[in-house]
Amino acid sequence: MSAYHKSYNPFDDDAEDEGAPPASWKDVRDLPDGPSAPGDRQQYLRQEVMRRAEATAASTNRSLSLMYESEKVGVATSEELVRQRGVLEHTEKMVDKMDQDLKISQKHINSIKSVFGGLVNYFKPKPAEITPEQNGTLIPQPNSRLKEAINTSKEQEAQYQASHPNLRKLNDSDSIPEGAISAVNTEAYPKNPHLRAYHQKIDNNLDELSTGLGRLKDIALGMQTEIEEQDDIIGRLTTKVDKLDINIKSTEKKVRQL
């Protein structure tokens, strides 16, 4: 068995003399040996715990900020979907109005072609008129699920701005406010007041992240429902446009025959 001390490196290749003891195994992360080593190690571990707690708190702050930014994007996208719904509904009403006008035109053409046709059309019931919207504008109404998700997120936005006005500017060097340290008093956290405040801050951020992710889920599901409903509108609109195109060609043919 080798008689070398455990601090020596047995794989050192720099020794020119085979009989010379190997070089000492050193690492910059090693704590100094000697009587003061235990105390230094405890201090090092305490500093390391504080450093990691601070880094974790800063990381959850950044995650919370990104979550709120994602929620804002989701709300903006949802509002754009609602606006698009209004355009589709307005287009559908315009197509319905064009179809109604075309039927009236066909009725007048038939009246011109023959007296008998005019008498027949006279006794036919008039098609129900489609009255245009006031000022030509429509107020689109999203599905109830998306509407509720948008309202919930907008209500939360004001609370977020009040509680985290500078959240986007936080970084790893940000510290816990002094008020947060005295406000935390529970046996579930470490006795060190600074470490206890960091743990409390991390828990609060995780709770907010959980709630925020739930709101993001509601927005996503509401957007999915809205897209499915708009697909139905587009399907109806496509069918009506195809039918209107056929009727227009038929009317043009009748006009040429006059």
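Biologist: With which residue does the side chain of Arg-52 meet in a salt bridge?

Modeller: This is a predicted model, in which local features need a pLDDT (the predictor's confidence in each residue, from 0 to 100) of at least 70 and side-chain atom pairs count only at pLDDT 80 or more, while totals for chains, interfaces and linings use all residues. Residues are numbered from 1 along each chain as its sequence is written, and side-chain values use heavy atoms, with hydrogens and water left out. Side chains of opposite charge can pair when their charged atoms come close. In a salt bridge a side-chain nitrogen of Lys or Arg lies within 4 Å of a carboxyl oxygen of Asp or Glu, and at 2.9 Å, N to O, the partner of Arg-52 is Glu-48.

Biologist: Why are Arg-52 and Glu-48 separated by about one helical turn, and in which helix do they lie?

Modeller: Helices here are DSSP runs of H or I with at least four residues, strands are runs of E with at least two, and both are numbered from the N terminus. The two residues are separated by about one helical turn because they are four residues apart in helix 1.

Biologist: Is Glu-48 buried or exposed?

Modeller: Buried means under 20% relative accessible area, exposed means over 50%, and partly exposed lies in between, using a 1.4 Å probe and protein chains only. Its partner Arg-52 has 52% relative accessibility and so counts as exposed. Glu-48, in contrast, has a relative accessible area of 19%, so this residue is buried.

Biologist: How far apart are the closest N and O atoms of Glu-80 and Arg-83?

Modeller: These two residues are three apart in helix 1, so about one helical turn separates them. Glu-80 counts as partly exposed because its relative accessibility is 40%, and Arg-83 is also partly exposed, at 47%. The closest N and O atoms of their salt bridge are separated by 2.6 Å.

Biologist: Which residue forms a salt bridge with Lys-97?

Modeller: Lys-97 is partly exposed at 27% relative accessibility, and the residue to look for lies four residues from it in helix 1, about one turn of the helix. That partner counts as partly exposed as well, at 33%. With closest N and O atoms 3.1 Å apart, the residue is Asp-101.

Biologist: How many salt bridges does a search of the whole structure find?

Modeller: Some charged residues are linked in a network of salt bridges, which joins Arg-85, Glu-89, Glu-226 and Glu-229. When the whole structure is searched, the number of salt bridges found is 14.

Biologist: Which helices give two or more residues to the largest nonpolar core?

Modeller: A nonpolar core is a set of buried Ala, Val, Leu, Ile, Met, Phe, Trp, Tyr and Cys residues joined through side-chain atoms within 4.5 Å. The largest one has eight residues, namely Val-75, Leu-81, Val-82, Leu-146, Ala-149, Ile-150, Ile-219 and Met-223. The elements that give two or more of them are helix 1 (37–113), helix 3 (144–163) and helix 5 (193–256).

Biologist: Which residues does Thr-60 touch, leaving out those up to four places away in sequence?

Modeller: Thr-60 is found in helix 1, and at 9% relative accessibility it counts as buried. Contact means heavy atoms within 4.5 Å. By that test, Thr-60 touches Ile-202, Asn-205 and Leu-206.

Biologist: What distance separates the C-alpha atoms of Ala-58 and Tyr-198?

Modeller: Ala-58 lies in helix 1 and is buried, with a relative accessible area of 5%. Although Ala-58 and Tyr-198 are 140 residues apart along the chain, their C-alpha atoms are separated by 9.5 Å.

Biologist: How far apart in space are Glu-54 and Leu-195, C-alpha to C-alpha?

Modeller: Glu-54 is also found in helix 1, where its relative accessibility of 24% makes it partly exposed. Glu-54 and Leu-195 are 141 residues apart in sequence, and from C-alpha to C-alpha the distance is 8.4 Å.

Biologist: In which helix is confidence highest?

Modeller: The chain, which has five helices and zero strands, averages a pLDDT of 75, and 62% of its residues score at least 70. Over residues 168–185 the pLDDT is below 50, and beyond near neighbours in sequence this stretch has 25 contacts in the model. Confidence is lowest in helix 4 (residues 178–183), at a mean of 43, whereas the highest mean, 91, belongs to helix 5.
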